[in-house]
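Here is a short briefing to read alongside the sequence and the 3D view. Have both open, and follow the residues as they come up.

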Amino acid sequence: MKNQLISLLAIFLLLTPLKSIGCSMHKITQNGKTIVGNNEDWLSPNNLFWFENGIDGSYGVMYMGQLNRFAQGAINSAGLVFDGFANPELAVENTEGKLEVPIGDAVKQIMQTMSTAEEVKNYFEKINLSYLSSSQLVFVDNSGTYLIVEGDELILGEEEEKIFSNFYYSQIESERDVDLDNVRNGLQFMDNSTASPSLQYCSDVMKSMSSSQVFGTQYSTIYDLNNLKIRLYLFHDYSQYVELDLMTELSKGNRDVMLSDLFSKESPGSKHYEKYNNTENPISFLEELIGTEEDLTEEELASQGFGWIINFIGYEWLNGKDNTQAAITIFEYGLALMPNDFDLHDSLGEAYFENKEYKKSKLSYQKSLELNPDNSNAKKFIEKINSKKSD
């Protein structure tokens with residue numbers, strides 16, 4: 001995959017008005033009970049849960065992510081939960097002498113071996129967190145203590161009720177100052193409601209913070225950290241839910257579960273999942289998304305981020321679902337709308353290459369180079385193609 005598709009969340013923030021979208025999280029602790037909610041806002045409905053049992057005394061974990069299995073959130077059998085947020089760029093300076101531990105490895109170590117926010121803080125104090133220059137993590141344990149992990153700041157807190165989203169607490173005086181719709185909506189709901197440490201109250205908070213936009217709420221998870229119960233909502237539909245018992249799920253063994261499989265085929269989320277993953281017509285989602293926007297010029301489409309959206313979906317088919325023909329169809333569709341997008345030509349070249357159509361791949365890369373002579377990725381692949389026998 002090309003480098004420009006690796007930092008997906010960071011690019012997403014550059015292309016999308018941050019005020020109107022974003023993941024969100026809420027925690028409430030009362031009477032010795034802690035409930036945490038999370039909205040996962042993103043483009044793709046390919047949301048995967050995977051269960052890993054503990055070995056030699058380690059904790060069992062339910063991770064949440066997408067087809068690349070990069071954990072975007074998790075809960076362990078000790079009642080520790082985390083979620084991640086993409087944020088605006090904030091330089092990280094406190095790196096000297098810190099250990100170099102990849103974020104995925106750090107998260108796995110924490111979720112398998114730690115039960116409190118204080119333990120997590122002690123661990124992260126030793127780690128170089130320069131990769132959090134445009135993101136943050138939030139951990140909450142079953143006592144209600146939370147930890148905000150920024151690149152240079154580790155913030156412990158014990159407020160009874162707290163919300164989190166795509167902003168840095170270290171950069172504000174109060175969440176009341178945050179100019180994000182989901183934060184404002186959540187605070188307004190909390191101001192006008194009677195707080196309760198219940199799955200339903202937290203669900204209602206998350207509903208108030210949800211989004212139905214293109215980059216909207218794909219799913220919501222509500223956790224009872226003391227009883228290890230999990231309530232799931234799919235595709236910003238709060239009329240129906242599924243509840244899981246973490247220990248029961250872990251007892252079934254290590255396995256993967258597509259979130260949409262837990263819901264009725266007639267649910268809005270399942271229908272959206274099927275449309276997005278239509279093997280017979282992989283561009284149907286894009287055609288509906290773009291709709292009347294086909295009348296826009298290529299420059300207008302580019303300014304609205306359609307090239308990036310097409311690229312993301314195409315690479316999801318190519319790498320996440322190993323369907324090169326669907327990826328080719330998507331990239332060709334994108335180029336019919338944006339024929340001068342060098343990056344889409346580059347992507348089509350890679351899809352052809354993976355499909356062993358080397359002549360077509362070379363032509364695509366040559367067109368990408370014609371549009372952008374500095375495209376080093378195209379040069380690299382043309383060299384690879386020249387070393388192979390043509391079809």
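Where does Ser170 lie? Look in the loop between strand E10 (161-164) and helix H4 (181-191). Keep in mind that this is a predicted model. The points below begin with the whole chain and then turn to individual residues.

**The chain as a whole**

- The protein chain is built with 14 helices and 14 strands.
- Its radius of gyration is 22 Å, close to the 21 Å that the globule rule gives for 391 residues, so the chain is as compact as a globular protein of that length.
- Measured out along the principal axes, the C-alpha trace of the protein chain spans about 70 × 50 × 45 Å.
- Of the 391 residues in the protein chain, 56% count as buried.
- Among contacts with a separation of 6 or more in the protein chain, 62% are made by residues 24 or more positions apart.

**Surface and charge**

- The protein chain has an accessible surface of about 17000 Å², and 47% of this belongs to carbon and sulfur atoms.
- Its side chains include 31 positive and 59 negative ones.
- The centres of these two sets of charges lie 6 Å apart.

**Ser170 and its surroundings**

- Ser170 is partly exposed, with a relative accessible area of 29%.
- Setting aside neighbours within four places in sequence, Ser170 is in contact with Leu90, Glu150, Glu153 and Ile155.
- One of these partners, Glu150, is 20 residues from Ser170 in sequence, and the two C-alpha atoms are 8.4 Å apart.

**Two residues with positive phi**

- Asn31 is not a glycine, yet it has a positive phi of about 55°.
- You will find Asn31 in the loop between strand E1 (24-30) and strand E2 (33-41), and it is exposed, with a relative accessible area of 79%.
- Leu228 also has a positive phi, of about 60°, although it is not a glycine.
- The loop that holds Leu228 runs between strand E11 (217-224) and strand E12 (229-234).
- Is Leu228 buried or exposed? Leu228 is buried, with a relative accessible area of 10%.

**Met247 and its partners**

- Met247 lies in helix H6 (residues 246-251).
- At 43% relative accessibility, Met247 counts as partly exposed.
- Leaving out neighbours within four places in sequence, the contacts of Met247 are with Ser77 and Leu228, and Leu228 is the loop residue with positive phi described above.
- Met247 and Gln72 are 175 residues apart along the chain, and their C-alpha atoms are separated by 21 Å.

**Cysteines**

- How many disulfides does the model contain? The count comes to zero.
- Cys23 is in no disulfide, and the nearest cysteine sulfur, that of Cys202, is 15 Å away.
- Seen from the other side, the closest cysteine sulfur to that of Cys202 is in Cys23, and at 15 Å it is too far for a bond, because a disulfide needs the two sulfur atoms within 2.5 Å.
- Cys23 is buried, with a relative accessible area of 8%.
- Cys202 is buried as well, with a relative accessible area of 0%.

Technical notes. Residues numbered from 1 in each chain as written. Predicted model: local features only at pLDDT ≥ 70, side-chain atom pairs only at ≥ 80, totals over all residues. Heavy atoms only, no water. Helix = DSSP H or I, 4+ residues; strand = E, 2+ residues; numbered from the N terminus. Rg over C-alpha atoms; globule rule 2.2 N^0.38 Å. Buried < 20%, exposed > 50% of the residue type's maximum accessible area, 1.4 Å probe, protein only. Contact = heavy atoms within 4.5 Å. Areas by Shrake-Rupley, 256 points an atom, 1.4 Å probe, with all protein chains shown as cover. Lys, Arg positive; Asp, Glu negative; His and termini not counted. Charge placed at Lys NZ, Arg CZ, Asp CG, Glu CD.
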